[in-house]
Amino acid sequence: MTSTPTMAADANRWNLSDGQVKFLAGSLGSCTSKTVFAPLQRVTVLMQLGKYPHLSIQGHIDVIMKEKNGGVRAFWKGNLYSICQRFPFSGSNYWFFLLFRDWLHALVASRRSSTVDVTCNAVASAAAACLATVLVFPMEVMRTRTMSGEPKFQRGIVNTFLEVKKGPGGWLNFYGGLSPALLQRVPDMALNMTVYQTVRGALKRRGWDDGMCVIAGSTSAALASVALLYPFDVAKRRMSMRDLGADGTLKYKGTWDCIRSVYADGGLRAVYRGAGIEAVRCVPQVCLMWYITEQTLVHLSPSLVRKQHEEMSRKQ
């Protein structure tokens with residue numbers, strides 16, 4: 001056997017387990033794609049918060065450019081929080097997913113089929129997303145506050161942390177918007193994983209090129225997520241701000257109250273404000289995320305990729 005110094009050999013030298021390889025693959029894919037498309041998400045978040053309801057997309061871009069310490073750098077405002085949140089979220093989400101999926105597969109070992117496998121993937125990814133979201137949600141809140149553009153949240157991570165904590169609610173402020181986040185992210189991850197794996201697997205069995213399978217699966221997953229779950233993302237952003245109403249109490253009493261309030265202010269258009277630019281961001285971002293994830297797996301653990309391909313072949 002030759003001793004070619006490949007990435008796979010490095011992985012063996014580092015004693016990386018399959019789980020660790022998948023943790024790194026998921027985290028690198030998520031963080032890299034998030035950073036590349038951060039400017040589009042910055043515009044989307046500002047539109048979701050509804051502070052400038054009469055401005056066009058170009059108007060929101062102008063607002064960001066004119067912020068204190070603005071310019072091009074302002075489009076990546078909050079990205080550090082995003083990386084701090086996405087790296088552990090993506091890694092732990094993937095790890096939990098594998099744990100729950102293998103456990104479910106063991107339970108239904110005698111009844112395995114394509115339908116059963118899709119169901120196991122959906123249930124495992126939903127449970128994994130729930131746990132991972134709860135673990136890292138405080139960083140999500142701090143990121144939303146920073147991306148809002150409010151001056152008091154523009155003085156660094158420590159200051160943002162203190163500003164969030166001293167608001168009405170104290171430590172609970174770090175979980176403001178958790179319920180809509182779970183209502184959006186849990187089905188989002190289940191939908192994303194299930195649609196991606198199902199479309200990619202079906203096209204792979206038809207003989208499609210690997211790259212086209214990834215693109216088709218990613219695009220289908222991204223568009224399904226935006227179409228079905230975008231209103232919950234709007235509610236999560238607004239509730240994360242913990243805005244107060246005229247009577248001094250929290251403006252929104254819950255997820256559905258927030259969505260109803262947004263709908264009352266501007267109808268369906270308000271509920272889906274920013275959805276167009278979100279779709280423009282989400283499709284290439286999800287494609288890039290899965291591409292980097294798949295390529296990282298190929299370079300770090302070719303044997304793991306072979307196992308996945310063999311499992312797909314057995315389902316044909």
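A salt bridge is a side-chain nitrogen of Lys or Arg within 4 Å of a carboxyl oxygen of Asp or Glu. By this criterion, a search of the whole structure, which is a predicted model, finds 7 salt bridges. Before turning to them, it helps to look at the overall fold. The chain holds 12 helices and 0 strands, and 48% of its 316 residues count as buried.

Several salt bridges can be followed along the helices. In helix α11, which covers residues 275-300, Arg281 and Glu278 lie 3 residues apart, about one turn of the helix. Their closest N and O atoms are 2.5 Å apart in a salt bridge. Arg281 counts as buried because its relative accessibility is 3%, and Glu278 likewise counts as buried because its value is 7%. Elsewhere, salt bridges with shared partners link Arg42, Glu67 and Lys77 into one network.

Helix α9 (residues 210-240) offers another pair, with Arg237 and Asp233 placed 4 residues apart, about one turn of the helix. Here the closest N and O atoms of the salt bridge are 4.0 Å apart, and both residues are buried. The salt bridge between Lys166 and Glu163 has an N to O distance of 3.4 Å. Its two partners differ in their surroundings: Lys166 is exposed, with a relative accessible area of 62%, whereas Glu163 is buried at 14% relative accessibility, since buried means under 20%.

Attention now moves to the empty space inside the model. The structure holds 3 cavities of 30 Å³ or more, and the largest cavity has a volume of about 570 Å³. This largest cavity is lined by 33 residues, with Arg86, Asp188, Met189, Asn192 and Met289 closest to its centre. At least two lining residues come from each of α2 (18-36), α5, α6 (114-147), α8 (178-205), α9 and α11. Helix α11, already met through its salt bridge between Arg281 and Glu278, gives the most to this lining, with 8 residues. By class, the lining is made up of 11 nonpolar, 11 polar and 11 charged residues.

The second largest cavity contains about 60 Å³ of space. Among the residues that line it are Lys34, Arg42, Trp76, Lys77, Gly78 and Arg143. Two of these, Arg42 and Lys77, also belong to the salt-bridge network with Glu67. Helices α3 (38-49), α5 and α6 each supply at least two lining residues, and α3 gives the most, with 3. The lining divides into 4 nonpolar, 4 polar and 4 charged residues.

Lys77 and Gly78 appear again at an open site, the second largest pocket, where they lie nearest the centre together with Arg73, Thr146 and Gln154. This pocket holds about 330 Å³ of space and is lined by 15 residues. Helix α5 gives the most to the pocket lining, with 3 residues. The lining includes 6 nonpolar, 6 polar and 3 charged residues.

Finally, the surface carries a nonpolar patch of about 280 Å², made by Met65, Val72 and Trp76. Trp76 is also one of the residues lining the second largest cavity. Val72 sits in the loop between α4 (57-65) and α5 (79-107). With a relative accessible area of 57%, Val72 is exposed, because the limit for this class is over 50%.

Terms used
Residues numbered from 1 in each chain as written. Predicted model: local features only at pLDDT ≥ 70, side-chain atom pairs only at ≥ 80, totals over all residues. Heavy atoms only, no water. Patch = residues over 30% accessible without salt bridge, like charges linked within 9 Å, V, L, I, M, F, W, Y side chains within 5 Å. Areas by Shrake-Rupley, 256 points an atom, 1.4 Å probe, with all protein chains shown as cover. Buried < 20%, exposed > 50% of the residue type's maximum accessible area, 1.4 Å probe, protein only. 1 Å grid on protein atoms, 1.4 Å probe; cavity = no way out; pocket = protein on both sides within 12 Å on 5 of 7 lines; lining within 4 Å. Points joined across faces, edges and corners; volume = space filled by probe spheres on them. Nonpolar A, V, L, I, M, F, W, Y, C, P; charged D, E, K, R; others polar.
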